[in-house]
Amino acid sequence: MAARILGSKSRPAVALRKWWCSSYSSASAAAVAEVENTEVKDYADYRRSLYGQITHKALLVDAVGTLLIPSQPMAQIYREIGERYGVELSEDEILYRYRRAYGQPWGKSRLRYVNDGRPFWQYIVSYSTGCSDPQYFEELYNYYMTDKAWHLCDPGAGEVFGTLRNSGVKLAVVSNFDTRLRPLLRALNCDNWFDAVAVSAEVEAEKPNPTIFLKACELLGVKPEDAVHVGDDRRNDIWGARDAGCDAWLWGSDVHSFKEVAQRIGVQF
């Protein structure tokens, strides 16, 4: 009875409240957007007052998901190569098992990528596919070190990075990756775009641990507050970089291309 009474009497109030909230949300969203745009402009002007035309002395870039993306879905490659070694699982099954394995704690240090990362990836491949054939693992492992496996997220990245460096902005890759990252960058002909590479397997710290960002800044010879990091993972890239004292922009949200990144830094084309 009480529920029916409250329900019947509350309908007009609910409708009125929904109308009011809708009207308020529309107006407030516009106001918030205006304030945010003003804050971004004021912040950029403040940084230019410190450094001149540019807002940052260094750009740190995440690798997978920002600079590079796989050319084919992981599960597809695991299955296609694995068929020659007796793998019979579907791509959906492989993907499910991969995510489950990848999400588990790894080792006492919790560092997944130590040196070449082979023990970790052997576990991932075996768990994901049910195949422990060492030849299968080697073929798969080496495949992901080639330009066939990856391509650039932004085809115009090379030109933008060249312009940034000519404008005095230093560049570094900051990545949770094993030691295959350097030969992979060479295979993609983009290793010479960067002044430094900070790889978790070498630094012995994975994002969001601020240590890897601090190492990148050390390699570039800049203070953390003079650098901005761009990455696609809010926890690893944004929170991690900010914990280190760097500025940070989320790829795909704050920025959508490296040309946009350069323009936000203050480098024009």
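Begin with the whole chain, which holds eleven helices and seven strands, where helices (H or I, at least four residues) and strands (E, at least two) are DSSP runs numbered from the N terminus. The model is predicted, so local features need pLDDT of at least 70 and side-chain atom pairs count only at pLDDT 80 or more, while totals for chains, interfaces and linings use all residues. Residues are numbered from 1 along each chain as its sequence is written, and side-chain values use heavy atoms, with hydrogens and water left out.

Colour the chain by burial next: buried residues make up 40% of the 269 residues, where buried means under 20% relative accessible area, exposed over 50%, and partly exposed in between (1.4 Å probe, protein chains only). The chain exposes about 14500 Å², of which carbon and sulfur atoms supply 52%; these areas come from the Shrake-Rupley method with a 1.4 Å probe, and for residues only the protein chains shown count as cover. Among contacts between residues at least 6 apart in sequence, 65% join residues at least 24 apart, contact meaning heavy atoms within 4.5 Å.

**The sheet**

Select the five strands that form an open sheet in the order β5-β4-β1-β6-β7, with parallel pairing; two strands pair if DSSP finds at least two bridges between them. Its edge strands are β5 (196-199) and β7 (247-250), each of which pairs on one side only. From one strand to the next the twist averages 20°.

Now narrow the selection to β1 (residues 58-61), which four bridges join to the parallel strand β6 (residues 227-231). On the other pairing to show here, four bridges join β1 to β4 (residues 170-175), and these two strands also run parallel. With side chains displayed, Ala58 and Leu60 point one way from β1 while Leu59 and Val61 point the other way, and all are buried. Which residues of β6 stand opposite those of β1? Ala58 stands opposite Ala227, Leu59 opposite Val228, and Leu60 opposite His229. In β4, Leu60 has Ala172 as its bridge partner.

Move the selection to β6, which is mostly covered, with five of its five residues buried. Ala227, His229 and Gly231 point one way from this strand, and Val228 and Val230 the other way. Four bridges join β6 to β7, again in parallel, and along this pairing His229 stands opposite Ala248 in β7. Add helix α10 (residues 234-243), which lies across β6 and β7 and runs at about 160° to β7; axes here are lines fitted to C-alpha atoms, for helices over the stretch in contact, and angles run from 0 to 180 degrees between N-to-C directions.

**The helices α2 and α4**

Select α2 (74-82). Seven of its nine residues are buried, so this helix is largely enclosed by the rest of the structure. The buried residues in α2 are Met74, Ala75, Ile77, Tyr78, Arg79, Ile81 and Gly82, and what covers them includes α3, α4 and α5.

From there, go to Ser128, which is placed in helix α4. Is Ser128 buried or exposed? Ser128 is buried, with a relative accessible area of 0%. Leaving aside neighbours within four places in sequence, Ser128 is in contact with Tyr78, Leu89, Ile94, Arg97 and Tyr98.

**The largest pocket**

Display the pocket surface next. On a 1 Å grid over the protein atoms alone, a pocket is an open set of points with protein on both sides within 12 Å along at least five of seven lines, and lining residues have an atom within 4 Å of a point. The largest pocket has a volume of about 1100 Å³, a volume being the space filled by probe spheres set on the points, with grid points joined across faces, edges and corners. Of the 40 residues that line it, the closest to its centre are Tyr98, Tyr102, Arg112, Tyr113 and Trp121. The elements that give two or more residues to the lining are α2 (74-82), α3 (91-102), α4 (118-129), α5 (134-143) and α10, and α3 gives the most, with four residues.

**A last stop at Gly156**

Finally, select Gly156 in the loop between β3 (150-152) and α6 (157-166). This glycine is partly exposed, with a relative accessible area of 28%. Draw a C-alpha to C-alpha distance from Gly156 to Lys259: the two are 103 residues apart in sequence and 7.8 Å apart in space.

Notes
On a 1 Å grid over the protein atoms alone, a cavity is a set of points where a 1.4 Å probe fits but cannot get out, and a pocket is an open set with protein on both sides within 12 Å along at least five of seven lines; lining residues have an atom within 4 Å of a point.
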